[in-house]
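The following note sets out several points for a student who is reading this structure. The points concern one chain and then its contact with a neighbour.

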Amino acid sequence: MNPGLILVKREFQEDFKASRGLAFLVLATLVLSAFAVLLVSNTELSLLDNAQAVYMMAGIIIALAALVAVVRGSDGFAGERDRQTLEPLLLAPINGPGLAAAKLCGLLFSWLILFILAIPYLWAVGSTGQNLFAAILYLFLAGTLIVLVFGGAALALSARLKTCKAVLSLGLTMLLLSASPVLLGPSLRQSAVGRVLDLANPFAAALNILDSVIIDSQGLAWQLLRLAVMVSYGLVILWWLYRAIRRLEP
Amino acid sequence: MPAIEIQELKKSFEGQAVLHGVSLTVSHGDIYGFLGPNGSGKTTTLRILLGIISQDAGKIAVLGLDPTASGPQMRRRVNALPESHGLYGWMSALSYLIFFGQLYGMEFSGGDYRARLQQVGLDPDDSRPVRAFSRGMKQRLGIARAMINDPEVLLLDEPTNGLDPRGRREIHDLLLQLNRERNLTIMISTHILDDVERLCNRIAILDHGLVQYEGPVHSEAGRLLRYRFHLGSGGVIPSPWNFPGISLLDRKDSWITCTIEGQSPTEAINTLITGGLPMVEAAAVTEGLEDLYLDHTTGGAS
């Protein structure tokens, strides 16, 4: 088996066997359960319509995916360096890009687990509403791109910075800055500055895709520009990661 | 072709020079001691040899390969035990070894992995996670990992650090066995002289980023330091000591240790016998490893 695949397998095993992986699963379940209960209660009280509840649940899952990507990405190399497990990996006959690809696949596996975990919750809050299948489909697409962008950036930082704490601080700051335009009020978001921030921001792009698909029932054609923005970010991040990994040191 | 050849190796970190031009040669089948105080550049040299950091200047060949240009290719034939174990605490010893075996593309059966654990004195049926292991057990597992690709060259960074005397002795025996049975070339970075005296046939002493000494551990032409004389059971040392050119350094049981100046050893022995000391035996004390180490190091990081 290819060394990269062996590493991916280990990353996958770590999600289920290591205490950190198990803690992540428990935490994700608790967060999803709490929000699902809140949203279902709101729907029952007719405070939210069904599509809005699904959209909010999907948004929470995207936010959780980005958070997990940053946390696990920060741990990718810097965490291994902190735990002194990086050096034996660097001794193995696998090159830097192979190592980075394996780590990135590990992040995507974590996302896949979160996504599978989230499907029943999405169904619970939106089983009687519209666009549930489209919501699930676009959630997977947008979530995968978000994990690539934020996880890849965290991995690149992790390859360059010495400690996991430093990477985590920087990664979370990056995530907060990226998510901040989403907090702008509706009128400000409609202004020129707001539109640029909305368009040039992968996090906002992901939420706008979900909004467009779930609330407005718009098709793929409406999402192409937003998807292109996210893919562009993804490609830039991958190039950055490729550059960072070439100077990876124990 | 030597197993390892380093010429004028230089490396700086953030403008601070760590290696100033290290040169050394390790032959096939050697157990080579790489000595030096903390911060002298030993670990940096090993990491450059393994191709996981690059040098600023100098030439390196490990089994004839340049670690920078042919890193993955070279690392199929070379392995190392870093100072830290680098073990995944949640894995069992067997699954850890299988993971690295697969990573190196080794086509071993389950029985092969079990045999390798047994070879380093670990129980393959021990299903405890590695984090529950003692330091000695972790070190053994680290060695089993470092041997997983049947390397021709093994680099060890402080392999017995933190082990008790029994654990240290067991690691010594294991390394000697591997060297004997497989003609494995071993380079050991350490400042524990007992390791070197037990294991190594050649050494380099590194200090302030330069090799201050390279040669055999037990030099036949070791520098003469002092003489020891056996006085026999009836020997009484005169007090005060009054033998010009012969200084008394120490007395233990019926042995005295002296330095001699301005006369030959024979003349000194005659002087002592004439002075009433019944001489039974005389021995020259040459420079030991500790003296060699202390003479060539100043104890500070560069």
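1. Helices and strands are runs assigned by DSSP: a helix needs at least four residues and a strand at least two, and both are numbered from the N terminus. On this basis, chain A has eleven helices and zero strands. The pattern read along the sequence of chain A is accordingly written α-α-α-α-α-α-α-α-α-α-α. The reader should bear in mind that this is a predicted model.

2. The overall dimensions of chain A may be considered next. The C-alpha trace spans about 60 × 40 × 30 Å along the principal axes of chain A. Chain A has a radius of gyration of 19 Å, which agrees with the value near 18 Å for a compact globule, because that is what 250 residues would give.

3. The interior of chain A can be described by two percentages. Of its 250 residues, 44% count as buried. Among contacts in chain A with a separation of 6 or more, 81% are between residues 24 or more positions apart.

4. How many residues does each chain bring to the contact? Chain B provides 20 residues and chain A provides 19 residues. On the side of chain B that touches chain A, the elements giving two or more residues are helix 2 (71-75), strand 5 (78-81) and helix 3 (93-103) of chain B. Helix 3 of chain B gives the most to this side, with three residues.

5. The composition of that side of chain B, where it touches chain A, is as follows: eleven nonpolar, five polar and four charged residues.

Definitions and conventions. Residues are numbered from 1 along each chain as its sequence is written. Chains are lettered from A and ligands numbered from 1 in the order in which they are written. This is a predicted model: local features need pLDDT of at least 70, side-chain atom pairs count only at pLDDT 80 or more; totals for chains, interfaces and linings use all residues. Two residues are in contact if their C-beta atoms, placed from the backbone, lie within 7 Å. Ala, Val, Leu, Ile, Met, Phe, Trp, Tyr, Cys and Pro count as nonpolar, Asp, Glu, Lys and Arg as charged, and the others, Gly among them, as polar. The radius of gyration is taken over C-alpha atoms; the globule rule is 2.2 Å times the number of residues to the power 0.38. A residue is buried if 20 or more other C-beta atoms lie within 10 Å of its own, exposed if 12 or fewer, and partly exposed in between; C-beta atoms are placed from the backbone.
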